[in-house]
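Work through the exercises below with the sequence and the coordinates at hand. Each task is followed by a stepwise solution.

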Amino acid sequence: MTNPEMVSYPHQSGEDGNKLPDITAMNAPLSIPDLKRKLHGARTALYADYCDPELAGSLLEADARLVDQFLIERWREQQMDPQAALIAVGGYGRGQLFPGSDIDLLFLLPEGASQPLLDKVENLIGLLWDLGLEVGHSVRTLRECMEEAGRDITVQTTLLETRLLSGSGAAYSELMEQVFKRLDPRAFFEAKLLEQQQRHERHQGSVNKLEPNVKEAPGGLRDLHLLLWLARACGIASDWSGLHKAGMLTGQEMRKLKRAEKMLWSFRIALHLAAGRREDRILFDFQNALAKRFGYADTSAARASEQLMAVYYLSARIVAQLQPLILQALRRTLYGRAQLEIQPINERFVARGHLLEIANPEVYEQTPSAILETFLVLQQHPELTAIGADTLRALWHARPRINATFRRDPANKALFMEIMRQPWGTTRVMRRMNQYGVLGRYIPAFGKIVGRMQHDLFHVYTVDEHILMVLRNLRRFATPAFNHEYPACSQLIEAFERPEVLYLAALFHDIGKGRGGDHSQLGKVDAREFCVSHGQSKEDTDMVAWLVEHHLTMSSVAQKQDVYDPDTVAAFAQIVRDERHLNALYLLTVADIRGTSPKVWNAWKAKLLEDLFRATRRYLTGETLNANDALYERRNEAESLMRRHGLRDDAHLPFWKTLDPVYFLRHDAPEIAWHGRVLWGRFDNDEITIRARPAEADGGLQVLVYCPDRPDLFARICAFFERAGYSIFDAKIYTTLKGYALDSFYVHVADGRDIDYRDLVGYIEYELAQLIIRDDPLPPPLSGRVSRVLKHFPLPPQVLIRQDDKQKLHILSLIAGDRPGLLSRIARVLSRHAIAIHSAKIMTLGERAEDTFTISGNALADPKSLVRLEADLMETLRV
């Protein structure tokens, strides 16, 4: 990945760069179709072969000038009242027009406008729509403009960005005079800041979303607009040069901000062209097209789209870094420098109200370690909610001092570790350190993953943002206010000695991504080197390195293996070795999964992880001695549960005689007891029994299927659930000694559906039984549109078949892009090859399916048959 501070762009314009089309006055054609064609052709020609970000501003201005000329001519053709005015407002009022943006107009009319004038305005608006222009218009008098502005901050904002296109200059001047006369700069300032806060919250406050909105997201164009609106409202400036002259931006800051603005413009232009309409989200659908337009190509280190998005994230980060400087300077202009008592903190820092400030402008030059100390002081003084503008600026310019010498300084190493050990504010300051470019400079490996895309189909954040989300989750476990979210995790972390071990593991767990090879192994090396250089004990260094190496192990075991099998638990216990390692890995795993995407974490995954954790802890503490003891305890617990529901002591014995030990190893006690209650008095009949109940983990159902076994039964059940819109995320397939299928399915109902679980249970129990009884031919696999993410970032399918540890069964592991009907397609292939399924773990991670099956069959023993099976599976995964 390119160093984000040194990003270069494939196309640079110079004297021989792309030439702007010659824009000449447009005389009205004889017909509306000709007029429409001429305007559309002229605007299209502007952006023909657009590929140079350096031309973005010129193109936007040229487009606005072209439409200006067109509108002025249409206005004059209508022979409007000389007291009326045609005014460009909003984005168009800025003198810029994006290809798909609305053309915002204000028809300013005199008081008591005549009906003929109103008719002319109506005719002009209709003509503009007939010509295919996306016009946003308002027709108002001066009085009506002021009334609307007084009621609506959006209207007030729109009137700050205006240009007179044609008509009465006096009316326009009076309008602007009244706008600024009635504007309360302080009220406007506070209202726009609140508006920005709400807008940022809608975008989760993150610059680093994988599909950001180039206009509305934090660090986007709207943040730049806000600064200029406020500067105009304060009467200070109307552009960046004006803010520079006013002393609110240094020359370097102004150049960086202009560069970032130009890149954001170029992204928005290219998005509109790619979509053929106004589209401000950099969706996966468009990222490859945009990368190609701007000349990026795939390399061994990064995809073209990843290189493109690195440029976007750099631009958005610059906006996010510099905006607070200007906002604080504007606030100081509006309110004056509050005469707050200055409270010394130490020789280098003071508190001014809620702001942290450096004691003198040369602090960072004289004492570079104060760069890290800034963040430590913020943690130690929670009453300080922000960094003063002058201090932020000094910090911004001091970042180059974070070099190899700085990183080797023992004082700086001690400061960083002190930050990690603080009981409060770790997440907040780490986010700020990343935002201001400090964290990536202090840990160069972290700098390499700042703004790095993840096309694994389930992460919704860049790598650096995901890492900070995982850190945040761990910190929430340690914060009493959030103990109700995950009580077990909160209890564990409260008793965990030196929790900074966990925070360091979070910081390094994905730091090796994007370098090729196993990121867990690469991160392990980085983590060990960091811990050794920062004076961590051998025990803690080994722990951090081990956590980074194994941060995926627990989720893999829980979601791909049988967590109720004592052998699985024993094997996992050999990896974790002791309770401290187990507790640490469990906490990191929960935080990691929850930090990928809101769609990935669910109650079922939480239960699997917790069950594996508790079973492993019992094993490590000697509570579970061996498989026979575990089986005995499980049977006793199941018998006790059945007695509680009114079954006599021996009621279950006839049914249990049809089961072998494998059944009891694959099912936990509550499930065994439920099966016994449901099938009491029925198991020796030939009837089909289907029962459903809410799963212990909320958000799903547990479904029991008991019927004569048949080769295509699993495929039929999968097809039923898929067509009903329910996702299978776990299945235990078992055949009794009398040849009956005793299968348990855990299904999830799609989010957003209004569900009556009583009706749902009744529907499943009746319809699934009827489907099995009718024995109709299998319906064709469910087909559906491939998701847009998979369409643009296809996932190569993987098929792996191996023997299990006991050499009795085989493990089939599949990875593919998820889509409707995938599971039943897989089941059909297995049925066709006479493969018996014993269990299925269905793991869906966003758009990615990772399914694991325990299977058996003659085809697995024959090399040629095995190759055909693998080929058929690969073919069905590609469909």
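A residue counts as buried when its relative accessible area is under 20%. The model is predicted.

**Exercise 1.** Compare the expected span of helix α9 with the distance between its end C-alpha atoms, and state how far the helix is covered.

Solution.
- Helix α9 covers residues 221–233, which is 13 residues.
- The rise is 1.5 Å a residue, so the helix should span 18 Å.
- The end C-alpha atoms of α9 are 18 Å apart, in agreement with that value.
- As for cover, 13 of the 13 residues of α9 are buried.
- Just after α9, Gly235 has a positive phi of about 70 degrees.

**Exercise 2.** Classify the arrangement of α38 and α39 from the crossing of their axes.

Solution.
- The axes of α38 (residues 822–832) and α39 (residues 863–878) come within 10 Å and cross at roughly 160 degrees.
- Angles over 145 degrees count as roughly antiparallel, so α38 is roughly antiparallel to α39.
- The crossing of the two helices is right-handed.
- Contact residues include Leu822, Arg825 and Ile826 of α38, and Leu869 and Asp872 of α39.
- Seven residues of this contact are nonpolar, one is polar and three are charged.

**Exercise 3.** Do the same for α28 and α30.

Solution.
- Helix α28 (residues 566–576) and helix α30 (residues 603–620) have axes that come within 9 Å and cross at roughly 75 degrees.
- Angles of 65 to 115 degrees count as roughly perpendicular, and α28 and α30 are therefore roughly perpendicular.
- Among the residues that meet are Val569 and Phe572 in α28, and Leu612 and Tyr619 in α30.
- The contact of α28 with α30 has nine nonpolar, two polar and no charged residues.

Note on methods: Residues are numbered from 1 along each chain as its sequence is written. This is a predicted model: local features need pLDDT of at least 70, side-chain atom pairs count only at pLDDT 80 or more; totals for chains, interfaces and linings use all residues. Side-chain values use heavy atoms; hydrogens and water are left out. Helices (H or I, at least four residues) and strands (E, at least two) are DSSP runs, numbered from the N terminus. The expected span of a helix is 1.5 Å times one less than its number of residues. Buried means under 20% relative accessible area, exposed over 50%, partly exposed in between (1.4 Å probe, protein chains only). Axes are lines fitted to C-alpha atoms, for helices over the stretch in contact, and angles run from 0 to 180 degrees between N-to-C directions. Angles under 35 degrees count as roughly parallel, over 145 as roughly antiparallel, 65 to 115 as roughly perpendicular and the rest as oblique. A crossing is left-handed if the near helix is turned anticlockwise from the far one by less than a right angle, and right-handed if clockwise. Contact means heavy atoms within 4.5 Å. Ala, Val, Leu, Ile, Met, Phe, Trp, Tyr, Cys and Pro count as nonpolar, Asp, Glu, Lys and Arg as charged, and the others, Gly among them, as polar.
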